[in-house]
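User: Hi! Could you walk me through this model, one question at a time?

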Amino acid sequence: MKNVKIYTSDTCGYCHMAKEYFRENGIAFDERNVTKDVEAKKELMKMGYMSVPVIIIDGETIVGFDKQKIESLLK
């Protein structure tokens, strides 16, 4: 099973789309909501990102909801 982490915010439409994609495909993920979790926001900024979603699949980072890249990393 792949290790999937996604940094999200409450108002991000692409974050909701990404989470729905993972749920529909039965892919477990660790959500880090930067709106509710100050530590998650600090982690995201330390990595050099200021926008969400940031999806990390087994150490590979995807900025935004890039379905093709997500699917290639999940295979």
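User: Is glutamate 43 buried, partly exposed or exposed, and what is its relative accessible area?

Analyst: Happy to help! This is a predicted model, where local features need pLDDT of at least 70, side-chain atom pairs count only at pLDDT 80 or more, and totals for chains, interfaces and linings use all residues. Residues are numbered from 1 along each chain as its sequence is written, and side-chain values use heavy atoms, with hydrogens and water left out. Buried means under 20% relative accessible area, exposed over 50%, and partly exposed in between (1.4 Å probe, protein chains only). Glutamate 43 is therefore partly exposed, with a relative accessible area of 29%.

User: Which residue forms a salt bridge with glutamate 43?

Analyst: A salt bridge is a side-chain nitrogen of Lys or Arg within 4 Å of a carboxyl oxygen of Asp or Glu. Here the closest N and O atoms are 2.5 Å apart, and the partner of glutamate 43 is arginine 32. Glutamate 43 lies in helix 2 and its partner in strand 2, so the pair ties together parts 11 residues apart in sequence; helices (H or I, at least four residues) and strands (E, at least two) are DSSP runs, numbered from the N terminus. The partner is buried, at 17% relative accessible area, and its name is arginine 32.

User: Which residues are joined with Arg32 into one network by salt bridges that share partners?

Analyst: Lysine 42 and glutamate 39 also form a salt bridge, with their closest N and O atoms 3.6 Å apart. Those two are 3 residues apart in helix 2, so about one helical turn separates them. The network with Arg32 is made up by Asp37 and Glu43.

User: What caps the N-terminal end of helix 2?

Analyst: Helix 2 covers residues 38–46, and a side-chain oxygen of the capping residue lies 3.0 Å from the backbone nitrogen of glutamate 39. This glutamate 39 is partly exposed, at 46% relative accessibility. The cap is aspartate 37.

User: Which parts of the chain does the salt bridge between lysine 2 and aspartate 58 tie together?

Analyst: The side chains of these two residues meet at 3.7 Å, N to O. Lysine 2 lies in the segment before strand 1 and aspartate 58 in the loop between strand 3 and strand 4, so the bridge ties together parts that are 56 residues apart in sequence. Lysine 2 is partly exposed at 30%, and aspartate 58 is partly exposed at 44%.

User: What is the phi of aspartate 58?

Analyst: Aspartate 58 sits in the loop between strand 3 and strand 4 (60–63). Its phi is positive although the residue is not glycine, and the value is near 45 degrees.

User: Which peptide bond is cis, with omega near 0 degrees?

Analyst: Look at the loop between helix 2 and strand 3 (54–57), where proline 53 has its place. The cis bond runs from valine 52 to proline 53.

User: Which element gives the largest share of the largest nonpolar core?

Analyst: A nonpolar core is a set of buried Ala, Val, Leu, Ile, Met, Phe, Trp, Tyr and Cys residues joined through side-chain atoms within 4.5 Å. The largest one has 11 residues, including Val4, Phe22 and Ile55. Strand 1 (4–8), helix 1 (13–24), strand 3 and helix 3 (67–74) each give two or more residues to this core. The largest share, 3 residues, comes from helix 1.

How values were computed. A polar contact is a pair of N or O atoms within 3.5 Å; within protein, one must be able to donate a hydrogen and the other to accept it, and residues adjacent in sequence count only if both atoms are side-chain atoms.
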